[in-house]
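Hi there,

Here is the structure I promised to pass on. Have a look at it first, and then read on for my notes on its pockets.

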Amino acid sequence: MRFAHEYPRLVMPDAARLIAAICIGALAYVVSLQIKPLMPESTAFGSFAYINAILGIVCGWTVMGKRAGRGVVAAINNGLSGALVLVIWGLLLHASYQMFDRAMDNWYNGFFTAMAAIFQFMAEYALVMVDPLVLFSLMAGGIIAGLATEYAWRTWR
């Protein structure tokens with residue numbers, strides 16, 4: 001029988017992790033709704049916003065929650081880095097899905113062309129995201145999420 005202290009990846013939930021997950025998940029959902037009009041009209045989004053919200057919850061819980069409690073400046077940096085990690089993982093996830101979808105239709109000649117396609121799709125999607133409203137939302141939402149996480153850590157320890 002193993003005890004809880006023997007599991008190094010077992011994480012004790014706390015209020016800072018919960019608030020970080022909620023804030024970055026909400027930020028991901030809002031930014032997803034802002035990105036939809038920027039894409040071509042023929043784009044089938046499906047559950048795009050919900051997938052990004054789940055990814056935001058995971059990023060907030062794992063990336064931001066564990067770095068709470070280091071001060072206000074660190075909280076702002078924590079929020080901005082949480083938003084950046086969300087963007088990078090979101091780009092990687094959706095670009096990989098696009099590549100996999102095309103790979104099933106035999107678009108690629110080999111493994112390395114398929115892997116290169118992931119980075120091409122990431123670059124294309126990143127260019128779509130270079131919109132003032134989207135960038136402002138990511139920065140402001142990240143700062144607010146970082147400060148809210150810090151407040152939750154200080155208030156509910």
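What volume does the largest pocket have? In this predicted model, the largest pocket comes to about 600 Å³. Its lining is made up of 26 residues, and if you want to find the centre on screen, Phe 48, Asn 52, Gly 90, His 94 and Tyr 125 are the ones closest to it.

Four helices each give two or more residues to this lining: H1 (15–35), H2 (48–64), H3 (72–103) and H4 (111–129). The biggest share is from H3, which supplies nine residues to the largest pocket. As for chemistry, the lining of the largest pocket has 17 nonpolar residues, eight polar ones and one charged.

There is also a second largest pocket, holding about 180 Å³ of space. You can pick out its walls by selecting Leu 80, Ala 83, Leu 84, Val 87, Ala 126, Met 129, Val 130, Leu 135, Leu 138 and Met 139. Here the elements that give two or more residues are H3, H4 and helix H5 (132–155). H3 again gives the most, this time with four residues.

How does the lining of the second largest pocket divide into nonpolar, polar and charged residues? It has 10 nonpolar residues, with no polar and no charged ones.

If you only have time for one element, try H3: it is the top contributor to the lining of the largest pocket and also to that of the second largest.

Happy browsing, and best wishes!

Methods:
Residues are numbered from 1 along each chain as its sequence is written. This is a predicted model: local features need pLDDT of at least 70, side-chain atom pairs count only at pLDDT 80 or more; totals for chains, interfaces and linings use all residues. Side-chain values use heavy atoms; hydrogens and water are left out. On a 1 Å grid over the protein atoms alone, a cavity is a set of points where a 1.4 Å probe fits but cannot get out, and a pocket is an open set with protein on both sides within 12 Å along at least five of seven lines; lining residues have an atom within 4 Å of a point. Grid points are joined across faces, edges and corners, and a volume is the space filled by probe spheres set on the points. Ala, Val, Leu, Ile, Met, Phe, Trp, Tyr, Cys and Pro count as nonpolar, Asp, Glu, Lys and Arg as charged, and the others, Gly among them, as polar.
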